[in-house]
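The exercises below ask you to read contacts, burial and charge pairs from the atoms of a structure. Please work through each task before turning to its solution.

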Amino acid sequence: MTEKDILSLTAVGLGKKIKEKEVTVLEAVKAVMDQIKDMEPVLNSFVTVEEEYAFTQAEAVQKRIDAGELTGPLAGVPVAIKDNICVKDMKTTCSSNILADFVPTYTATAVDNLIKAGAIIIGKTNMDEFAMGSTTETSAFGPTKNPWNIEHVPGGSSGGSCAAVSASESYYALGSDTGGSIRQPASYCGVTGLKPTYGTISRYGLIAYGSSLDQIGPVAKDVTDCAAILEVLASHDPKDSTSVEREDYSFLDALTGEVKGLKVGIPADYLSEGLNEEVKEAVLKAAKILEEKGAVVETFDLGKVKYAIPAYYIIASAEASSNLSRFDGVKYGFRAKEYSGLHGMYKKSRSQGFGAEVKRRIMLGSFVLSSGYYDAYYIKALKTKALIKKSFDDAFAKYDVILGPTAPTTAPKLNESLSDTLKMYLGDIYTIAVNLAGLPGLSIPFGTDQKGLPVGLQLIGDCFQEKNILRAGFALEGEHGYVMPKTAQLAISGREEK
Amino acid sequence: MAHLIDDDMIEYVGILAKLELSEKEREEAKKDMGRMLDYIDTLNELDTDEVEPMSHVFPIHNVFRDDVVTNGDDRDNILKNAPEKKDGAFKVPKTVE
């Protein structure tokens, strides 16, 4: 197979070709490394590329596949890991100066599950610092560019993971999603991203931002890949006290193409003010397709939509202010060069080590938790969260799946978002409530707008009902699905000419 | 209601957050936080008097396990990440006179 053929495969597609001995693991790793070398000077999807490690692993995994020890669908397939997920002996920075040289002594359970399935880790992907941001521009190591148009952002915070998969620098990637950080960049980059039900994938080894909201999930080229990856990632882990033991871990079963009788609700409140017309058209077109395939589609009022963002920023910032107190210049990370006394050392190290958006959220979090404000803000937000959960419970009493946009627009230009952070926060309006309610959400690519930028659709399911959204997503993706952006295609054909 | 965050408040929050902001950062923080709190005030439209605060979406329980050591001695590797170390321990500025 040519490198172009190899890179055009999905993760499951490559796994199959490796099993059939049409492609070797080494060839697959070489293909992504070649693509990385051509794309990285432009995109900056990676903080660290682990070339040597990947080639060593490729040989070892190939032997185990040949010996019949590794038989899963992802054996030998290269993967990129978001840089807030720990991999032993691999630099893990959270795209922050405060962790610029941090090398974990242990591996996250999610990554461990991948390694056991024969995945080849090729590197760590760029992100908004500590996953705080929606554009990957708050990274201390420079922004990532959108492979569809490098003047635009890839979204965030898992922008590096989504750009890497979009540009065929990796077959799939891990992201993390606290308020939309997998689904929104997946939408902007034209790839498929899944945020599972809270507790489905262990958070052990995920550097915490908002612990009650954080969830690791897959970024991939299509729904089949996401389902196959989820089967590997999902596990009950005693090392994560919020890990849930699920009854059913077979997600690929859902991909029948059949949606007859599936009840789909479209929140009217998601289609109103602020939604770009072209994105709205995509949602309505998807609704029509589902209807033609036998699903029952209705619009309804979800309610409480506008309260999700303020509640989120209170809860996430509060948890962040607590979680990020561990960065104090003692056990790991950056320590200021000059300071006086222990407390001076803490303050100087943190002030110099954290970027502006992280400091903004730690300050807000410290405020809402402070004596005298705790009830008015933090408790109020937790009560709002209960009301939002109730809205979804009512909706899922009537519907199997909620269909809507992932984000109000397609990817904005670089340097346009950080000057007005409140406006940037509003871009997460359709994704954030899903985290507050602990629900699974899937973003799938659904064509492009007039500017040629990908449009994403979001499918939301009730807790533990990933199968419903995977089923609906699978039925829809035949219509559009993953397309390799021109920049990535040009890089491949450029190498073939040489 | 417009929130005015004054210097005392920013100073106090800075102490809680263990952050030392520059003059420019302080001014920005005052503006940012005021604006954010104005926005957060939209929550006051909701009547939540009868609502129980929800910290977790699922009923979660304390997870207990037997107190058995399962990880080995990893001191040297862990200390590799320390900004300063001495005699197999983290080194910090003097804390007691």
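**Exercise 1.** Which residues does A:Ser181 touch, not counting residues up to four places away in sequence?

*Solution.* Begin with the ground rules: this is a predicted model, in which local features need pLDDT of at least 70 and side-chain atom pairs count only at pLDDT 80 or more, whereas totals for chains, interfaces and linings use all residues. Residues are numbered from 1 along each chain as its sequence is written, chains are lettered from A and ligands numbered from 1 in the order in which they are written, and side-chain values use heavy atoms, with hydrogens and water left out.

With contact meaning heavy atoms within 4.5 Å, A:Ser181 touches A:Lys82, A:Ala131, A:Gly133, A:Gly156, A:Ser157, A:Ser158 and A:Ser176. Next, place the residue: A:Ser181 lies in the loop between β4 (172-177) and α7 (183-189) of chain A, where helices (H or I, at least four residues) and strands (E, at least two) are DSSP runs numbered from the N terminus. Finally, look at the side chain, which is joined to that of A:Ser157 by a polar contact of 2.8 Å; a polar contact is a pair of N or O atoms within 3.5 Å, and within protein one must be able to donate a hydrogen and the other to accept it, while residues adjacent in sequence count only if both atoms are side-chain atoms.

**Exercise 2.** Which residues does UniProt list for "active site", and is A:Lys82 buried or exposed?

*Solution.* The UniProt record, an unreviewed entry, lists A:Lys82, A:Ser157 and A:Ser181 for "active site"; its positions are given in the numbering used here, feature names are shortened, and annotations may be inferred rather than shown by experiment. Although these residues are spread over 100 residues of sequence, they cluster in space, with a largest C-alpha distance of 11.1 Å.

For the second part, A:Lys82 is found in strand β2 (residues 78-82) of chain A and is buried, with a relative accessible area of 0%. Here buried means under 20% relative accessible area, exposed over 50%, and partly exposed in between (1.4 Å probe, protein chains only). A:Ser181 is likewise buried, with a relative accessible area of 6%. The residues that A:Lys82 touches include A:Lys124, A:Ser157 and A:Ser181.

**Exercise 3.** Which residue forms a salt bridge with A:Lys124?

*Solution.* Apply the rule that a salt bridge is a side-chain nitrogen of Lys or Arg within 4 Å of a carboxyl oxygen of Asp or Glu. The partner is A:Asp83, and the closest N and O atoms are 3.1 Å apart. The pair links distant parts of the chain, 41 residues apart, with A:Lys124 in strand β3 (residues 120-125) and A:Asp83 in the loop between β2 and α5 (109-116) of chain A. Both A:Lys124 and A:Asp83 are buried.

**Exercise 4.** How many salt bridges does the rule find across the interface of chain B and chain A?

*Solution.* The rule finds six salt bridges across this interface. In one of them, the side chains of A:Lys306 and B:Glu45 meet at 2.9 Å, N to O. A:Lys306 is partly exposed, with a relative accessible area of 44%, and B:Glu45 is partly exposed as well, at 48%. As for the extent of the interface, the contact takes 53 residues from chain B and 64 residues from chain A.
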